[in-house]
Amino acid sequence: MATYKNLTDLQLIDLLKKDDESAFEEIYIRYAETLTDFTSSKLFNFDDAKDIIHDLFVRLWSERKNLQVDSHLKAYLFKITRHRIVDTIRKNITREEYAAMLQRLENYTDTPVEQKIAAEELKERIQYSLKELSPRVREVYMMSREDNLTIPEIAERLGVSEQTVKNQLSSALKHLRQSLAAASSIALVFWSLQ
């Protein structure tokens with residue numbers, strides 16, 4: 001087992017894809033405790049935390065042949081864990097204490113790698129949602145958010161009233177909020193801070 005401790009995460013993943021149980025065990029040793037601590041710090045119920053981590057590693061083993069981890073295994077595992085935590089909280093949102101935990105989770109500060117992953121995921125979701133807008137509403141949104149134009153500047157460029165621009169911008173933002181409702185809470189917080 002000592003030789004497995006010296007392997008990089010990517011080497012372990014390669015061995016895992018070849019059904020190497022010792023590689024799986026080393027990944028578990030490296031990350032299970034940290035992931036459990038993280039998860040239990042976000043949930044009231046320690047059993048929920050243990051279930052999430054157990055399910056994560058069951059999934060890791062069962063989907064080992066199709067793993068798409070090219071660089072940061074730790075970030076990959078935390079991303080999946082974070083999504084499972086949010087799912088658990090949403091499932092139990094009727095309980096007041098879970099609502100409070102969701103708020104705390106939204107305020108969690110990601111590491112730069114996790115921020116980058118969340119930002120890329122969110123960017124893709126936003127781009128997809130923008131394609132669903134009418135061309136004019138999308139244009140108004142892009143002028144406001146991408147070109148940083150004010151409402152009067154957009155109205156002048158498009159030859160429409162400022163109220164029309166406000167209505168179209170409001171429509172775009174409403175559509176994006178609805179489209180992103182399924183996105184992870186962390187990604188939503190990150191987007192709102194942009």
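This briefing covers helix packing, nonpolar cores, aromatic pairs and two loop residues. The structure is a predicted model, and its largest nonpolar core has 26 residues, of which α3 supplies the largest share, 7 residues. Helix α3 also packs against helix α5, with axes that come within 10 Å, and Phe-24 of α3 pairs with aromatic residues of α4.

**Packing of α3 against α5**

- Two packed helices are described by the angle between their axes and the distance between the axes.
- The axes of α3 (21-42) and α5 (residues 73-91) come within 10 Å of each other and cross at roughly 35 degrees, and this crossing is right-handed.
- On the α3 side the contact is made by Ile-27, Tyr-31, Thr-34, Leu-35, Phe-38, Thr-39 and Lys-42, which meet Leu-73, Lys-74, Leu-77, Phe-78, Thr-81, Arg-82, Ile-85 and Ile-89 on the α5 side.
- By residue class, the contact of α3 with α5 divides into 9 nonpolar, 3 polar and 3 charged residues.

**Nonpolar cores**

- Within the largest nonpolar core, of 26 residues, the members that touch the most other members are Ile-27, Tyr-31, Leu-35, Phe-57, Leu-60, Leu-73 and Leu-77.
- Two or more residues of this core come from each of α2, α3, α4 (46-62) and α5, and the largest share, 7 residues, belongs to α3.
- Once its neighbours within four places in sequence are left aside, Leu-73 is in contact with Asp-9, Ile-13, Ile-27 and Tyr-31; of these, Ile-27 and Tyr-31 also appear among the α3 residues that meet α5.
- Another core, of 16 residues, lies apart from the largest one and includes Ile-126, Leu-130, Val-137 and Ile-154.

**Aromatic pairs**

- A pair of aromatic rings is described by the distance of the centres and the angle of the planes.
- The count of aromatic pairs in the model comes to 4, and one of them is the edge-to-face pair of Phe-24 and Phe-57, with 6.1 Å centre to centre and 80 degrees between the planes.
- Because Phe-24 lies in helix α3 and Phe-57 in helix α4, this pair ties together parts that are 33 residues apart in sequence.
- Phe-24 counts as buried at 18% relative accessibility, and Phe-57 is buried too, with a relative accessible area of 4%.
- Phe-24 also forms an edge-to-face pair with Trp-61, for which the values are 5.3 Å centre to centre and 70 degrees between the planes.
- Since Trp-61 lies in helix α4 and Phe-24 in helix α3, the pair of Phe-24 and Trp-61 ties together parts that are 37 residues apart in sequence.
- Trp-61 has a relative accessible area of 23% and is therefore partly exposed, the cut-off for a buried residue being under 20%.
- Ring pairs link Phe-24, Phe-57 and Trp-61, together with Tyr-28, into a cluster.

**Loop residues with positive phi**

- Asp-19, a residue other than glycine, has a positive phi near 70 degrees and is found in the loop between α2 (9-17) and α3 (21-42).
- With 36% relative accessibility, Asp-19 counts as partly exposed.
- Asn-148, likewise not a glycine, has a positive phi of about 60 degrees, and its place is in the loop between α8 (135-145) and α9 (151-158).
- Asn-148 counts as exposed because its relative accessibility is 60%, where exposed means over 50%.

Conventions: Residues numbered from 1 in each chain as written. Predicted model: local features only at pLDDT ≥ 70, side-chain atom pairs only at ≥ 80, totals over all residues. Heavy atoms only, no water. Helix = DSSP H or I, 4+ residues; strand = E, 2+ residues; numbered from the N terminus. Buried < 20%, exposed > 50% of the residue type's maximum accessible area, 1.4 Å probe, protein only. Axes fitted to C-alpha atoms, helices over the stretch in contact; angles between N-to-C directions. Left-handed = near helix turned anticlockwise from the far one by under 90°. Contact = heavy atoms within 4.5 Å. Nonpolar A, V, L, I, M, F, W, Y, C, P; charged D, E, K, R; others polar. Core = buried A, V, L, I, M, F, W, Y, C linked by side-chain atoms within 4.5 Å. Phe/Tyr/Trp six-rings, centres within 6.5 Å; stacked < 30°, edge-to-face > 60°.
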